[in-house]
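Me: Hey, got a minute to walk through this one with me? I'll throw short questions at you.

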Amino acid sequence: MFVVAKLAFMLVCGEGLSLGDYAAVVWHGLSLDLSTALYFFCLPFLLTVVSLWVKMPRIAFLIYNAVVAVAFSLAFVADTCLYPFWHFKLDASCLQYLETPTEAMASVTTGYLLLRLVLLVALAVLVYLAFSRLRTRFQRAHQRILATLVALLLIGPIIIGIRGGLGESTTNIGQVYFSQNQFLNHAAVNPVFSFLSSIGKSGDYIVSYNYMTDDECRELTDSLFYTDSTGADTLLTTRRPNILLIVMESCGGQFTMIGGHPEITPRLNQLAQEGVYFSECYANSWRTDKGMVSILSGYPAFPVTSVMKVPEKSRKMPSIAHSLGQAGYQNTFYYGGDINFTNMRSYVLGTGYDRLVWKADYTSNEQSTCQWGVRDDIMFNTLLSDIRKEPNDKPWMKTLLTLSSHEPWDVPTKVLDDEVYNAFNYLDQCIGRFIDDLRKTAAWKNTLVVILPDHGYRYKGIDEGTRLYNHIPLLWVGGAVRQPVVIDRLCNQSDLAATLLGQLGIRHDDFRFSRDIASSSYRQPMAYHNSTSCVSVYDSTGWMAYDIDANSMITQEGNDSERLLRLSRAILQLTSQDLKEK
């Protein structure tokens, strides 16, 4: 059954695969399939042994068959449907989206969901029928004795099979990885095992990483995160500008001039020439909940743990909003979707925002202008209207998280034929028109507009195995910008907090992992990124991407990848320890 599910997965999600690829995936995935099958074999096996001597009601077997049939079918259908969106195998992180099902399903149409539901039911029935036909009867005493002896002998092989052998290493996802093609590795992974092994390690679980001694970890990282604001370049005309932070959903550098596509985002490209353009900025992660914490709290992301989903930790995070609030700023957060999604409300309110504007503040018609909620142009109009109402005697910070540049790419304009490119072009138009209108307001002269994405997006071969996936635009524009300048120092989006606060003369000691890249003390430029099972580091010596599950290098540039790997592990160890101690 698992083998058939693998073949179906590859047919639906794969492209350009050969018969050899199918055979290799099945062969390398067999050990994990066997282990998973044996897990589910244990209970009916024990019930069968007992039933040799004690009459067992058949309903017990049928109930178990029904539960397993539904569970397997859910795993197969969910894994195959989610992979094109997530590009990793099914795991427990999908459970968190059950709290906000409307948001979780916003990327797909009703027809898409109905078809998957029909497939799920049909598959569950087929699996149930297949299981329920498997019955063996032993009528005579000597047959029962022989069967019991055989069963006892089978206990050892079953345990060994579940464990994955007699060696020190137990069954794990990485054992089936065999190729430089990550899709083939993912296809070999059993989705049921992947889900079960991740239970307890979902987004709200703090995973510890212990690769080296604490002394070794400190030796590698002490100089890395030491950047006070000394001799910082003055980028602004004032120490107390109004601050507008625009976080663009998924707008990685591949959709801008960085990726050779100036036609997709012409207004962003224009703004990059008018203000402060950080040309070598990289995202910390691949999800909005993680990217927002990196931006607003200056905190590097984790492969598994989502800080935003751990309220007892997220509320202790430093944040730009909190620091500005202590300096007299009024802070407002804007989001056209469900603010409760991924525990965003708790994080935003807990880190210094005074006011929220979200989907519930709009009419029912406006709430359905796109699958995720309120369309971006409407949100920008609200933002502009609020800015016009702000008094001039008190500084403010406003943060807008956009949402239209997300599957299913349902935007009201059609400029480019490619629907993904067209969605980012729509976002670009919204930003351009908003900036044009903002220039006409009295607030413009004293306003700094910071524009950057929450993360990049996998598209047309751009993924974690390419630097371009993490490379993002970071722009500072507005009347408060002193002059156009390009800053080409390697940095992360998590460095925005220290860099911005440094320009305002506000202390940022509590932002332990955020670096002021305009400071003369920033002497070890480095960019760090991770996703569900991948970590990458980029510095002056080169770049490497490493698969944590498979314990193998994905891509490397330069001759110092082993040092970069040690550095990435040290950062993971240091940050996870820091989070546990908060």
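Here is the chat about a few spots in the model.

Reply: Sure, and keep in mind this is a predicted model, where local features need pLDDT of at least 70, side-chain atom pairs count only at pLDDT 80 or more, and totals for chains, interfaces and linings use all residues. Residues are numbered from 1 along each chain as its sequence is written, and side-chain values use heavy atoms, with hydrogens and water left out.

Me: Strands first. Is β12 buried or exposed?

Reply: Mostly covered: six of the six residues of β12 (residues 542–547) are buried. Buried means under 20% relative accessible area, exposed over 50%, partly exposed in between (1.4 Å probe, protein chains only). Strands here are DSSP runs of E with at least two residues, and helices are runs of H or I with at least four, numbered from the N terminus.

Me: Which residues of β12 sit on each side?

Reply: Gly542, Met544 and Tyr546 are on one side, with Trp543, Ala545 and Asp547 on the other, and both faces are covered. In a regular strand the side chains alternate between the two faces of the sheet.

Me: What does β12 pair with?

Reply: β11 (residues 534–539) pairs with β12 in the antiparallel sense over six bridges, and β13 (residues 552–557) does so over five. Pairing takes at least two DSSP bridges between two strands.

Me: And how many residues are between β12 and β13 in their hairpin?

Reply: Four, and Asn551 in that turn has a positive phi of about 55°. The β11 and β12 hairpin has two residues between the strands. Tyr538 stands opposite Trp543, while Asp547 faces Ser552 in β13.

Me: Switching topic: what's the angle between α16 and α17?

Reply: α16 (residues 376–389) and α17 (residues 419–439) pack at about 15°, axes 10 Å apart. Axes are lines fitted to C-alpha atoms, for helices over the stretch in contact, and angles run from 0 to 180 degrees between N-to-C directions. The two helices are therefore roughly parallel; that label covers angles under 35 degrees, with over 145 roughly antiparallel, 65 to 115 roughly perpendicular and the rest oblique.

Me: Anything odd in the loops? Which peptide bond is cis?

Reply: The one from Glu407 to Pro408, with omega near 10°. Pro408 is in the loop between β5 (396–401) and α17. Trp409 lies in that loop too, and has a positive phi of about 60° although it is not a glycine.

Me: Is Trp409 buried or exposed?

Reply: Buried, at 9% relative accessibility.
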